[in-house]
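Me: I'd like to go through this model with you, one question at a time. Shall we put it on screen?

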Amino acid sequence: MEEVRLHYDVNAYDFTCAGEASGKLKRSLKNLGFNSAVIRNVAIAVYEAEINMVIHAEGGVIDAIITPDCITVILADHGPGIPDIELAMKEGYSTAPENVRALGFGAGMGLPNIKKYTDEMNIDTVIGVGTTITLKVYNK
């Protein structure tokens, strides 16, 4: 397999389409023959990040770079940025508004789950500019 690149757009506050990009990526990985554990980890991590984009940012983009050895996913938004990454990484911490929580989102597990289900995770955030999360899952 040669390198495969995929791109998805994520719309802000569009809960009806939330999760579509991660679902499409999951199907692509399955079609490329990745094992179920790798697919599961990528799908969970990307879903969590995608939902964060829908809730907290003005939408964004997801770019996946797939090689036989590694799936790299870059999620970039133009949201408010994350003022305190250490606090945001704590399970249960959430800044989601009440109307989003009423929909069943915003439980404060997004960033912790991304870290849990990836081999590498890097957060680059600038207040008032946006956040880019780069994650890697190795094909073991």
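Me: Is Pro80 buried, exposed or partly exposed?
Reply: First, the ground rules: this is a predicted model, where local features need pLDDT of at least 70, side-chain atom pairs count only at pLDDT 80 or more, and totals for chains, interfaces and linings use all residues. Residues are numbered from 1 along each chain as its sequence is written, and side-chain values use heavy atoms, with hydrogens and water left out. Buried means under 20% relative accessible area, exposed over 50%, and partly exposed in between, with a 1.4 Å probe and protein chains only. At a relative accessible area of 48%, Pro80 is partly exposed.

Me: Where does Pro80 sit, and which residues is Pro80 in contact with, its neighbours within four places left aside?
Reply: Helices (H or I, at least four residues) and strands (E, at least two) are DSSP runs, numbered from the N terminus. On that basis Pro80 belongs to the loop between strand 3 and helix 3 (85-88). Contact means heavy atoms within 4.5 Å. Leaving aside neighbours within four places in sequence, the partners of Pro80 are His56, Ala57, Val126, Ile127 and Gly128.

Me: What separates the C-alpha atoms of Pro80 and Glu58?
Reply: Along the chain, these two are 22 residues apart. In space, the C-alpha separation of Pro80 and Glu58 is 8.5 Å.

Me: Zooming out, what pattern does the protein follow along the sequence?
Reply: The secondary structure comes to five helices and five strands. Taken in sequence order, they give β-α-α-β-β-α-α-α-β-β.

Me: What is the radius of gyration of the protein, and what does the globule rule give for 140 residues?
Reply: The radius is taken over C-alpha atoms, and the globule rule is 2.2 Å times the number of residues to the power 0.38. The two values are close, so the protein is as compact as a globular protein of that length. The radius of gyration is 14 Å, and the rule gives 14 Å.

Me: In what order do the strands of the open sheet run?
Reply: Two strands pair if DSSP finds at least two bridges between them. The sheet has five strands with antiparallel pairing, and its edges are strand 1 and strand 4, each pairing on one side only. From one strand to the next, the twist averages 10 degrees (axes are lines fitted to C-alpha atoms, for helices over the stretch in contact, and angles run from 0 to 180 degrees between N-to-C directions). The order is 1-2-3-5-4.

Me: How many bridges join strand 2 to strand 3?
Reply: These two form a hairpin with three residues between them. Gly60 stands opposite Asp77 in strand 3. Strand 2 and strand 3 run antiparallel, and the bridge count is seven.

Me: On strand 3's pairing with strand 5, which residue of strand 5 stands opposite Val73?
Reply: Strand 3 and strand 5 pair in the antiparallel sense over seven bridges. Ile74 stands opposite Thr134 in strand 5. For Val73, the residue opposite is Leu135.

Me: How many residues of strand 3 are buried?
Reply: Strand 3 has eight residues, and it is largely enclosed by the rest of the structure. That follows because the number buried is six.

Me: Which element supplies the largest share of the largest nonpolar core?
Reply: A nonpolar core is a set of buried Ala, Val, Leu, Ile, Met, Phe, Trp, Tyr and Cys residues joined through side-chain atoms within 4.5 Å. The largest one has 34 residues, and those with the most contacts inside it are Leu25, Leu29, Val42, Ile62, Ile71, Val73 and Leu75. The largest share, ten residues, comes from helix 2.

Me: Which residues does Leu29 contact, its neighbours within four places left aside?
Reply: Leu29 is one of the core residues with the most contacts. Beyond neighbours within four places in sequence, Leu29 is in contact with Phe34, Ile39, Val42, Ile66 and Ile71.

Me: Last one: is Thr118 buried or exposed?
Reply: Thr118 is in the loop between helix 5 (110-116) and strand 4 (120-126). A polar atom of the Thr118 side chain lies 2.8 Å from the backbone oxygen of Ile114. Leaving aside neighbours within four places in sequence, Thr118 is in contact with Ala45, Leu135, Lys136 and Val137. With 11% relative accessibility, Thr118 counts as buried.

How values were computed:
A polar contact is a pair of N or O atoms within 3.5 Å; within protein, one must be able to donate a hydrogen and the other to accept it, and residues adjacent in sequence count only if both atoms are side-chain atoms.
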